[in-house]
Amino acid sequence: MKDEWVGGVAVLTSKCSDRNLSMAMAMVKSGIVWRSLLLCVLSRPSHSFLTTKVITRQWPVFSHNSNKRLETSCALAQNDANAAKKIRSTYRALWANKAGESFREVALLKEQKVPQICSDEVLIEVKYAGVNGGCETFRARGEHWFARNRESADGFPLGAEGVGKVVEIGKDVMGIEVGEYVAFVGGAFSEYVVHKSGSLVKVPEATPEAVACRISGLTAYGAVLDAGRAKARQTVLITAAAGAAGSFAVQLAKQAGCTVIGTCSSKEKALALCKLGCDHIINYRTRNVDEVRFSQPKAGEQGYDRVQVLRSKFPEGVDLVIEHVGGQMFRTAFSHLKPGGRLVLVGYISEWRQYPHNQNSGEERKLTEDFDLPSIFWKVLHTGKGAKALLPSSYHILKQVFEQLSANSLKVLIDTKKFHGLESVADAVDHMLSGNTIGKVVVKIS
């Protein structure tokens with residue numbers, strides 16, 4: 001077993017047989033494990049390796065599609081004046097005074113004073129907020145990255161990604177003007193939010209689609225093309241493919257020239273995947289993923305009825321897995337990897353005890369105890385030889401995602417259930433955790 005650097009990424013290699021799962025499990029526990037906002041990478045043994053890659057949490061300002069963005073100077077000046085007049089002295093936000101068992105339990109609607117911004121900060125009027133059921137649950141419970149919330153004496157804000165209108169800027173802010181729209185991460189369940197100007201991404205409009213791109217689009221791009229290194233003529237398996245990140249991943253893998261297999265849990269989701277161009281679709285509610293049969297849909301079918309066994313269709317396995325589920329799905333996906341194939345872990349939602357439609361979360365967790373997915377997902381582990389995870393800039397990823405959004409080359413799936421106002425956020429989180437959503441769940445804040 002030895003440390004190596006492959007393509008600028010720290011890896012741990014092992015000379016073991018391609019079906020030796022116990023060796024792979026030992027490597028997972030002892031090797032270098034990658035952690036970021038939502039991603040980590042596993043590779044199938046022989047020659048087995050565990051890849052580590054981190055997307056930096058410092059987001060650069062990104063301005064795109066200047067033709068849509070630019071307005072006449074007089075119009076901008078008028079926007080500046082109007083925005084300044086409309087800033088209220090107080091605003092409402094969802095806040096947690098202490099950690100608890102669920103988002104609904106801890107979320108309180110509070111009236112707060114609009115803060116004074118520092119010279120490098122921007123005050124944003126929030127228009128739309130995205131919903132990440134897992135992130136918000138971990139935040140509310142004070143688990144993993146959010147463990148400090150359990151010790152917080154003052155409480156903590158709720159919400160992750162959002163988009164809104166700039167209403168005030170600090171004196172040292174450059175490249176962002178009052179009246180422009182930006183996407184951000186942090187404290188989105190609020191009428192106003194303050195962020196450092198260097199953490200913002202400029203967008204042409206404040207839309208649900210821009211919200212979906214900020215984390216879910218970024219995650220999918222990083223998983224498929226950066227960490228996953230998808231290439232033409234490869235076969236990619238994407239679990240929970242009709243979710244926000246999964247639906248982006250399907251399209252990005254197809255753009256890369258891959259054959260895409262997507263798993264989902266309903267006919268409605270299968271139809272959505274068919275419209276995205278997914279080549280093979282598995283409804284795991286009606287089929288065992290190991291035994292799903294494949295064929296091209298016949299006339300009048302929606303693309304989810306199949307006829308050849310997976311192992312017969314892809315006897316050598318798949319090149320890449322984008323895995324969101326955990327538990328049995330993780331083990332099944334891992335077993336279908338080619339020798340040297342890659343598994344990018346984006347989540348393990350079936351193992352969360354707070355996931356309401358999964359009554360077997362305890363059993364699901366037991367199925368991956370030898371891998372310990374939470375440790376892989378949330379922790380950075382090092383070998384004893386000085387190897388380390390790298391921190392490449394996410395600028396190129398953000399740039400590609402938002403350019404594709406502007407060019408309409410990505411179809412952004414937004415869940416059809418509408419939520420309006422801060423009072424609806426807890427319902428939106430519950431809805432996201434129900435397992436019935438297609439695409440991104442979004443709340444209209446103002």
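The paragraphs below lead from the overall make-up of a predicted model to one helix pair and one sheet. Local features in this predicted model need pLDDT of at least 70 and side-chain atom pairs count only at pLDDT 80 or more, while totals for chains, interfaces and linings use all residues. Residues are numbered from 1 along each chain as its sequence is written, and side-chain values use heavy atoms, with hydrogens and water left out.

The protein has 14 helices and 21 strands, taken as DSSP runs (H or I, at least four residues, for helices; E, at least two, for strands) and numbered from the N terminus. Of its 446 residues, 55% count as buried, that is, under 20% relative accessible area with a 1.4 Å probe and protein chains only.

Helix H6 (residues 208–227) packs on helix H7 (residues 244–255) at an angle of about 45°, the axes being 8 Å apart; axes are lines fitted to C-alpha atoms over the stretch in contact, and angles run from 0 to 180 degrees between N-to-C directions. H6 and H7 are therefore oblique to each other, a class that holds angles not under 35, not over 145 and not from 65 to 115 degrees. Among the residues that meet, with heavy atoms within 4.5 Å, are Gly217 and Tyr221 of H6 and Phe248 and Leu252 of H7.

Elsewhere, 3 strands form an open antiparallel sheet in the order E6-E5-E8, where pairing requires at least two DSSP bridges between two strands. Strand E6 (107–113) and strand E8 (156–157) stand at the edges with a single partner strand each, so one side of each lacks a neighbour in the sheet. Strand E5 (residues 90–96) is joined to E8 by 2 bridges, and Trp95 has Pro157 in E8 as its bridge partner.

Methods:
Buried < 20%, exposed > 50% of the residue type's maximum accessible area, 1.4 Å probe, protein only.
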